[in-house]
Amino acid sequence: MNTKKARLLAGITALTLFASPAFAQPPSESTPKTVAHALLMSAIFATLAMALVFVAFKIFDWATPRIDIQKELLNNNIAVAILSAAVILGVSLIVAVSIM
């Protein structure tokens, strides 16, 4: 039990240490000056992010030919649903951090 807690604590500490510099960046020249500009940038980045997540999921679907994801989801296969959700969430986190 103690080794699991130690590993979890080490993982959380590593994530905190490595993620902190990414969020502590000073404002750059691309900081929006108006609300309209900020909304436009948000819409562009949201569209780009959705397209990247869609492409990444299609690549995952192509890379796993033995699993017919649509058929398995229609058969209520919970494992495939969890796997698909994990892929989408993982790629979404990577895209979100890269856009920041």
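**A predicted four-helix chain and its nonpolar core**

S84 lies in helix α4, which covers residues 78-99. The model described here is predicted. S84 has a relative accessible area of 7%, under the 20% limit, and therefore counts as buried. Leaving out residues up to four places away in sequence, S84 touches F57 and I69. These contacts serve as an entry point to the rest of the chain.

The chain contains 4 helices and 0 strands. Along the sequence the pattern reads α-α-α-α. The chain has 100 residues, of which 12% count as buried. Contacts between residues at least 6 apart in sequence were also examined. Of these, 53% join residues at least 24 apart.

Helix α4 has 22 residues. From its first C-alpha to its last it reaches 31 Å, close to the 32 Å expected at 1.5 Å a residue. Its buried residues include S84, together with V80, V87, V91 and V95. These residues cover an arc of only 60 degrees around the axis, which puts them on the same side of α4. The other side of α4 carries exposed residues, namely I78, A79, I82, L89 and L93. Among the elements that cover the buried residues of α4 are α2 and α3. A polar contact is found at the start of this helix. There, a side-chain oxygen of N77 comes to within 3.1 Å of the backbone nitrogen of A79.

Helix α2 comprises 29 residues, from 35 to 63. At 1.5 Å a residue, α2 should span 42 Å; its end C-alpha atoms are 41 Å apart, which agrees. Five residues are listed as buried in α2: A49, V53, F57, F60 and D61. The cover over the buried residues of α2 includes α4 and also α3, which runs from 69 to 74.

Two of the buried residues of α2 form an aromatic pair. A search of the whole structure finds 1 such pair. The ring centres of F57 and F60 are 6.0 Å apart and the planes stand at 45 degrees, so the pair is tilted. Both residues belong to helix α2. They are 3 residues apart, about one turn of the helix. F57 and F60 are both buried.

The two phenylalanines also take part in a wider set. The largest nonpolar core has 9 residues. Its members are A49, V53, F57, F60, I69, V80, V87, V91 and V95. Helices α2 and α4 each supply at least two residues of this core. I69 is in contact with F57 and F60, and also with D61, V80 and S84, when neighbours within four places in sequence are set aside. I69 is thus one of the two residues that S84 touches under that same exclusion.

Helix α3 also holds E72. The relative accessible area of E72 is 25%, between the limits of 20% and 50%, so E72 counts as partly exposed. Beyond residues up to four places away in sequence, E72 touches I67, N77 and V80. V80 is a buried residue of α4, and N77 provides the side-chain oxygen at the start of that helix.

The loops were considered next. N76 lies in the loop between α3 and α4. Its phi is near 60 degrees, a positive value in a residue other than glycine. Most residues other than glycine have a negative phi. N76 has a relative accessible area of 62%, over the 50% limit, and therefore counts as exposed.

P32 lies in the loop between α1 and α2, where α1 spans residues 2-23. With a relative accessibility of 36%, P32 is partly exposed, because this value falls between 20% and 50%. P32 touches H37 and A38, not counting residues up to four places away in sequence.

How values were computed. Residues are numbered from 1 along each chain as its sequence is written. This is a predicted model: local features need pLDDT of at least 70, side-chain atom pairs count only at pLDDT 80 or more; totals for chains, interfaces and linings use all residues. Side-chain values use heavy atoms; hydrogens and water are left out. Buried means under 20% relative accessible area, exposed over 50%, partly exposed in between (1.4 Å probe, protein chains only). Contact means heavy atoms within 4.5 Å. The expected span of a helix is 1.5 Å times one less than its number of residues. The arc is that of the directions from the helix axis to the C-beta atoms. A polar contact is a pair of N or O atoms within 3.5 Å; within protein, one must be able to donate a hydrogen and the other to accept it, and residues adjacent in sequence count only if both atoms are side-chain atoms. Rings of Phe, Tyr and Trp (its six-membered ring) pair if their centres lie within 6.5 Å; planes under 30 degrees apart count as stacked, over 60 as edge-to-face and the rest as tilted. A nonpolar core is a set of buried Ala, Val, Leu, Ile, Met, Phe, Trp, Tyr and Cys residues joined through side-chain atoms within 4.5 Å.
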